[in-house]
Amino acid sequence: MAEAAVRIFDTTLRDGEQSPGVTLNLDEKVEIARQLQRLGVDILEAGFPVASPGESAAVEAIAAAVREPVICGLARTRRGDIDAAVKALRGAARARIHTFTSGSAVHLRHVLRLTEDEALERAVDAVRYARQFVSDVEFSVQDVPRSDPEFLVRLYGAAVQAGATTLNIPDTVGYSTPQEFADLIRFLRGRVAEAGVEVVFSVHTHDDLGLAVANALAGVEAGATQIECTVNGIGERAGNCALEEVVMALRTRKDRYGRTLGIRTEELYRTSQLVSKLTGMAVQPNKAVVGANAFAHESGIHQDGMLKERTTYEILRPQDVGVPETRLVLGKHSGRHALRERLEALGYHLEDADFHRAFERFKELADRKRGIADADLAAIVQAEVVAVAPEHCRLEYFQVTSGSSTVPTATVRVALADGDPAQESATGDGPVDACYRAIDRAVGQEFHLVDYTLRAVTDAKDALGEVTVRVRDGAGRTATALGASTDVIEASVRAYLAAVNKLVGLQGSGVTDQRTVAAGERQV
Ligand code: KIV
Ligand code: ZN
């Protein structure tokens, strides 16, 4: 008998993007979607089109650019939401509409303000309506573990009769335990099957009690054949089931689960890094599968065991998830061809203009740093080439004085979009603060620094510093951006200017506070 497959439904760009403080622009979403396609996800939930024009445009762009996975759009049980999803998905090679309601008394009373019967009636109407446009309709009920099981049977049963092809079982608030969740899936499968219709059962788990992956795996043991998850487990509050963890658990313990997957696991690390960089959400060092320490062995006993036989202390191999070896590959004599080849090997397939920019930065870096490691290349390409907003202001130079007995002072000169240079000086609490104040003056707007992180890209003394900033403008829009340099002040300046460029771009497009619009509309 053929082994049963489990389908991976990635919701990084929908549920994951609802992580506090995360806002991705259209280019960044498309970039992540392309990488998810390389990873081999089966279904890609691209967004919630009715939430805002920007969200709808992103779903449309992803549907046009990414042709292998099924592209899914979220919709409440409202015809207007479904119309918005249909419109955004019309260019997709294969489209799915995912409509959802709520099941628990607390949600029905306070979120939807509907009775059980009203919620059921709307759900049936939404599924039927969606089926007029697509043959692939997923139906979800929020907060399943805290819902009345008999109501769930009525609701899911009615959705199947109305044409739902996938029934998703969300543990919206991460309340369930593995045994309980498995029992729930078995119960619902059994009772819905009584209606004599075949549907896919899916699990969607949140991590409030740290059980999202365990609950999803328990769901698979109980017969679910679709898992909803996000890269690095990002998402609301404590996040969602982590894609890389659930995938490697199914693969490593195939002896127990006996399921096949379409995921190219060697792309996991790159996907994790990309999502981390573009969202500005760092991966904790001890994170399973993709964390910096996931393959590091510190204790003498472990190291000794590893030297004798790797499997003594390692159940996953770094190469299985695509963790690159740290290698010094290029230097200042390396040419375009060598850089192009190395970038291709790292998975960066750049257009000529982007490659030119990468080469310029590489040369600048090579003048300052002896050997350039893969991680350095990835950092500069990610920070300054991939998914970068058009430049409304470009750094020409900066100068800083600081020290223990002097007031930090910075002078920054930028070229503005109209070609005019603007130069300003400012003092600040520290050199970075002084630079940021000088940039605000040069650009003629005050921005607010919401978050700032600095990390060394490699562990050498001359390591590249990578700065991630989250910046807010006067209208409440936020943007996250990266900068990389051997000089951490320069990396800070580059990151800030990249964020300012994104914000100025949003201002020009007339988008107001993206998160407020999305949050108000979403109610998810
Ligand atoms: O957590 C949840 O219930 C959701 C649904 C919209 C599937 O994200
Ligand atoms: Zn969710």
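The following paragraphs lead through a ligand site, a buried residue, a helix and a sheet in a predicted model.

In this predicted model, local features need pLDDT of at least 70 and side-chain atom pairs count only at pLDDT 80 or more, whereas totals for chains, interfaces and linings use all residues. Residues are numbered from 1 along each chain as its sequence is written, chains are lettered from A and ligands numbered from 1 in the order in which they are written, and side-chain values use heavy atoms, with hydrogens and water left out.

We begin with the ligand. Twelve residues surround ligand 1, and Arg 14, Asp 15, Thr 172, His 204 and His 206 come nearest (a residue is near if one of its heavy atoms lies within 4 Å). The side chain of Arg 14 has an N or O atom 3.0 Å from an oxygen atom of ligand 1. For Thr 172, a polar side-chain atom lies 2.6 Å from an oxygen atom of the ligand, and for His 206 the distance from a side-chain N or O atom to a ligand oxygen atom is 3.0 Å. The protein buries 98% of the 260 Å² that ligand 1 exposes when taken alone (areas by the Shrake-Rupley method with a 1.4 Å probe). Strand 4 (95-102), strand 5 (137-142) and strand 6 (166-171) each give two or more residues to the shell around ligand 1 (strands are DSSP runs of E, at least two residues, and helices runs of H or I, at least four, numbered from the N terminus).

Glu 45 belongs to strand 2 (residues 43-47). Its relative accessible area is 0%, so Glu 45 is buried (buried means under 20% relative accessible area, with a 1.4 Å probe and protein chains only). Among the residues that Glu 45 touches are Arg 14, Cys 72 and His 98 (contact means heavy atoms within 4.5 Å). The side chains of Glu 45 and His 98 are joined by a polar contact of 2.8 Å (a pair of N or O atoms within 3.5 Å, where one must be able to donate a hydrogen and the other to accept it; residues adjacent in sequence count only if both atoms are side-chain atoms).

Helix 9 (residues 243-252) is mostly covered, with seven of its ten residues buried. The cover includes strand 1 (7-10), helix 1 (26-39) and helix 11 (268-279).

Finally, strands 14, 15 and 16 form an open antiparallel sheet in that order (two strands pair if DSSP finds at least two bridges between them). Strand 14 (448-456) and strand 16 (478-485) are the edge strands. Eight bridges join strand 15 (residues 465-472) to strand 16.

Key
Buried < 20%, exposed > 50% of the residue type's maximum accessible area, 1.4 Å probe, protein only. Lists of a residue's contacts leave out its neighbours within four places in sequence.
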